[in-house]
Amino acid sequence: MNTTPDESLAPQPHDRTVTDTAAPAVPGTRAPRPLSDAEPPALPSGAEPHGAGRLAATVERLRQEALDAQSAAEGRALVEMAKGILVGRLGCGPTEASRQLTTLAEQSGTTVLALAVDIINQSARDRVSEIAQHFLETAVGIPAPDTTAPAVRLRTAESSVLAAGDAQAVATALLENALRPLGAHGVAIWIAAADSSLTLVGQAGFTQEDAARWRYVPPEVATCARLALTNRDLTVVTSLSEAGIPTIGRRPHPDGGRVMVPSGTGGRIHGVLEIAWPQALPPQPPQVLRQLEALAELCAHTLEEQSPHPAGTAGDAPHPGAVAELTDLTDHLHDPALVLTPALDDDGRLADFRIHHTNSRFVDPAGRPRSLVTGARFLEAYPAAAEGGGLFDTLERVYATGEACQVLSTALTAFVGDVPLTTVADVGISRHGAALLLIWKIEDETARLASLLQHAQRLGRVGGFEQNVTTGKTTWNGQLFTLFGLPLTASPVALEDLAAHAHPHDVNSIGRFLRTLLHRQRESSVDFRLLRPDGITRHIRMVAEPVLNDRGRLHAIRGACQDVSSQHWTEVALAATRDQLADSEAESADRNRLALQLQHAIMPPAPAPLEVPGLRIAVRYRPAETEAFVGGDWYDSVVLPDNKVLLSVGDVAGHGVQAATGMVVLRNALRGLAVTGAGPAQLLTWLNSVAFHLTSHLTATAVCGIFDPETRTLRWARAGHLPPVLVRGTRAKAFPLTGGMLLGALPEPTFVEEEVQLQADDVLLMYTDGLVERRDIAVTDSLSQLLTVASRTADSLEKRLDNMLTHTASDTDDDTCLIGIEVH
């Protein structure tokens, strides 16, 4: 038997760890102190050596001695394991192996414990040894919190965790043996339930009061631990005060940092290991983060034992009884369903799912028989599911967290040769033990039309329709073709084209109806006169509602139409008997009607296109939703004697007759002043004098521009009004906010004039604030939305203006003037 030290077992220079402090019991560990009162601990100044003080000192001494004994036992276990490895390698007895270990430690200049850990790492080649080797190879120059003996620290923690009886003991062992040297002051171990709630099952370093308060965290409550559960990866919060996320132990250290690591096995997350630092956490090197991941793996086995839903047997075969019950359940479902079980790789990580069972209603997209699909791996049968953010990622998330998921319009694609065959359906995924249940609910055309009919009956209408907002596809039932006087072979009328089939006076009502559906996403209705191709006019009532997907976004518009012509004439007859109003109400109605007529006399709701040399001008005017809000919005375009073109838009403050008459005064005054040939700034100065001196307390905003067709230059100025928008190509940009106070506020304000060089095919948009004003957001945000809508391509200038009136989300019920100028 060779009695000389085996040099092959001595740690090499790159494997050597920093020397630990040696102690008599086991070299490299702390020795337990004798349990005697020969050397009582020192008492605080003024304390009596008897009574409660002596009892407390004795309890503290015994506690410390118990901790020392536990530490020595942990180190002794590692040393004994290394001795066993030497016995196997050298073929010697335990005594000789102990002597060899001591001799090798002296020759390598390290402690027996550190050498024992090196021997275990060389023999095990497991996760801990891998991390220790990588740490030592890259630790030079890294400002890690603690670079001393990482292998010793991890092996000691591993020994402590495996010997611990529950998660509370695991937390204490991790903090004392591995995390305090890294500067951490607390550790919490959370177990995750199937409903994604979190329960605190072990903690160290936090107060009992905090532990009691954080014993249970309901589902969907945002905490630090839930971040890691949602991300399914190591998550770092550098400072709790900056992140603003609640968690255990935040009060004593509000600026502390946290690291949360999911703890699980075989692709399933059983819980989360949360580690706390008392101060803000600087960026940690990868070597330290890998150590924390290894500690989380150690916790996984304890959490798995305490989990209320154990994973079942090892490998990729869950408990057969639980899978049999799930299989029996799927055979009684009316929708196609699959039972999936995890398929693990050689390292125990989730690699795929095996299709354990398919029920009789499941139809493979590629037409393969169920016997070929059953038993195959999911990604082998449906490789397209592995695309980023696809179905397989959803399966992994549900399997890891246990939180059920519903996904609309999901594609399941199989390949026949190189030809993809796809089935689209709504998917429901849930975890049952260690298996997944995937319900594949296919909605065919017949079922969808039947559902459409049910909605039409629920709303009490005759013809039903549905329009997909994403694809633009519109579906009608047969009754709606009859109502519109169209053959069944005709294309359904999209909602955006509805105004083209209605009476011109009902265009604004249809526009409000569409804005309520598309932007406010609320159920709405509209009454309008339908102009059918056969020349018959029918009164139609349309009711519709938005359909949202699982993320709360608009997916489709669904509704119905009813012919209410007979009801309309009955209501007209009844309305004649209700026209007798009180004197005050009649007077108010007359004033509002007068204001509306005055407004329409100057600016009709649907004016004809204006013919101006070098320009094409189109105008849209949308009056207030109620006559009581009739305002003083105006627009104007006129060719001046010098062949230049005056372009203006304005808004008189207030509503009613006074605002309408003030609008007439300012509009006509500006026309007369423009004949002088003055520039826009001078015209606004004169117009301000009119508003300030020649009217009674009239204020207004306005934009005035002079366009020269020969040079294509535009000189413009503003008086408290929103600037014009220039659309060039596919880009829309607002003019800068130049100086200029609203008209009638001061006797002599100053207006700034700007000049812009326009190009052929440029589109200039001038508008009043009724187009963009909202009660819930700032004007700047509304203006940004306006630029987005304005930049969309359109077949004509008129179509561009119609799109802007439809898709801008104003909600102040104010008048709106919109003038579009296209340069030739």
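**Close-ups of a predicted model**

Tyr382 is buried, with a relative accessible area of 1% (buried means under 20%, with a 1.4 Å probe and protein chains only). This is a predicted model, where local features need pLDDT of at least 70, side-chain atom pairs count only at pLDDT 80 or more, and totals for chains, interfaces and linings use all residues. Residues are numbered from 1 along each chain as its sequence is written, and side-chain values use heavy atoms, leaving out hydrogens and water.

**View 1. Tyr382 has a ring partner and a charge.** The charged end of Arg368 sits over the Tyr382 ring, 5.5 Å from its centre (for Arg, that takes CZ within 6 Å of the ring centre and within 35 degrees of the ring normal).

**View 2. Phe353 meets Phe392 edge-to-face.** Their ring centres are 5.8 Å apart, with 65° between the planes (rings pair if their centres lie within 6.5 Å, and planes over 60 degrees apart count as edge-to-face). Phe353 belongs to strand 8 (residues 350-358) and Phe392 to helix 14 (residues 391-401), 39 residues apart (both are DSSP runs: E of at least two residues for strands, H or I of at least four for helices, numbered from the N terminus). Phe353 is buried at 0%, and Phe392 is buried too, at 8%.

**View 3. Tyr399 joins Phe353 and Phe392 in one aromatic cluster.** Over the ring of Tyr399 sits the charged end of Arg268, 6.0 Å from the ring centre.

Notes: Rings of Phe, Tyr and Trp (its six-membered ring) pair if their centres lie within 6.5 Å; planes under 30 degrees apart count as stacked, over 60 as edge-to-face and the rest as tilted. Buried means under 20% relative accessible area, exposed over 50%, partly exposed in between (1.4 Å probe, protein chains only).
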